[in-house]
Amino acid sequence: MKNQIIKLGLIGFPVGIAIGFVITLIISACIGNGFYYPVTPELISSMGNELNAVILQTVLCGIMGSGFAMASVIWDVDSWSLAKQSAIYFLIACIIMFPIAYITNWMKHSIAGVLSYVGIFVVIFVIAWLAQYLSWKRKIKRMNDCFKKDKDMN
């Protein structure tokens, strides 16, 4: 499992960078004024210039990708209940996301900003979890239906 975690972390780093880049493109397109916004103005200010801010955010997106990829091994621990897997994965996701979001100024540095960010994070996590759960439930039902048909034929 240790080798799998390392492998996933190495794969996750460039995936995290790619996802971070795509998100900046989407945000820039949504603003709609024809400019590209790679980082928040607050991050540029705290880092001294745009290049330093982009480098920091790129590295942090890579770390985030590695962290999420490595944490995915939790879903392979068959001895744990789905509730335990979900809770531990959520906790790890929070530990990964919160400091990165704070450092990169993806959230306002205020109580309202933090609460808003946490609320959005929880909603996105729940939606993604439900989508995965329903997808797996549907796949298992189809497999069971196939087994039932095979059993009925014999």
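This report walks through some helices of the structure and two exposed residues. The model is predicted, so please read every value here as a computed one.

**Two helices to start with**

Let us begin with H1 and H3, whose lengths are set side by side below.

| Helix | Residues | Number of residues | First to last C-alpha | Expected at 1.5 Å a residue |
|---|---|---|---|---|
| H1 | 2-31 | 30 residues | 43 Å | 44 Å |
| H3 | 50-71 | 22 residues | 31 Å | 32 Å |

The span of H1 is close to the expected value, and the span of H3 is close to its expected value too.

**A walk along H1**

Following H1 along the chain, you will come to a kink of about 30° at Gly-12. The proline Pro-14 comes shortly after this kink. Gly-12 is also one of the buried residues of H1, along with Gly-9, Gly-16, Gly-20, Thr-24 and Ser-28. What do the buried residues of H1 pack against? Their partner is H3. After H1 comes Gly-32, which has a positive phi, near 75°.

**H3 and its neighbours**

H3 has buried residues of its own, among them Ala-53, Gln-57, Leu-60, Cys-61 and Met-64. Gly-62, Gly-65 and Gly-67 of H3 are buried as well. The cover over the buried residues of H3 includes H1, helix H2 (41-47) and H4.

H4 spans residues 82-103, and H3 packs with H4 at an angle of about 180°, their axes 10 Å apart. An angle over 145 degrees counts as roughly antiparallel, and H3 and H4 are therefore roughly antiparallel to each other. On the H3 side, the contact is made by Leu-56, Leu-60, Ile-63, Met-64, Gly-67, Phe-68 and Ala-71. H4 contributes Tyr-89, Ile-92, Ala-93, Ile-96, Met-97, Ile-100 and Ile-103. Sorted by class, this contact of H3 with H4 has 13 nonpolar residues, 1 polar residue and no charged ones. Leu-60, Met-64, Gly-67 and Ala-71 take part in the contact, and these residues of H3 are listed as buried too.

**Two exposed residues**

Is Ala-29, a residue of helix H1, buried or exposed? Its relative accessibility is 58%, so Ala-29 counts as exposed. Between the C-alpha atoms of Ala-29 and Tyr-117 there are 22 Å in space, and the two residues are 88 residues apart in sequence.

Phe-35 sits in the loop between H1 and H2. Phe-35 counts as exposed because its relative accessibility is 56%. Leu-25 and Phe-35 are 10 residues apart along the chain, with 9.8 Å separating their C-alpha atoms.

Key: Residues are numbered from 1 along each chain as its sequence is written. This is a predicted model: local features need pLDDT of at least 70, side-chain atom pairs count only at pLDDT 80 or more; totals for chains, interfaces and linings use all residues. Side-chain values use heavy atoms; hydrogens and water are left out. Axes are lines fitted to C-alpha atoms, for helices over the stretch in contact, and angles run from 0 to 180 degrees between N-to-C directions. Helices (H or I, at least four residues) and strands (E, at least two) are DSSP runs, numbered from the N terminus. Angles under 35 degrees count as roughly parallel, over 145 as roughly antiparallel, 65 to 115 as roughly perpendicular and the rest as oblique. Contact means heavy atoms within 4.5 Å. Ala, Val, Leu, Ile, Met, Phe, Trp, Tyr, Cys and Pro count as nonpolar, Asp, Glu, Lys and Arg as charged, and the others, Gly among them, as polar. The expected span of a helix is 1.5 Å times one less than its number of residues. The bend at a residue is the angle between axes fitted to the seven residues ending there and the seven starting there. Buried means under 20% relative accessible area, exposed over 50%, partly exposed in between (1.4 Å probe, protein chains only).
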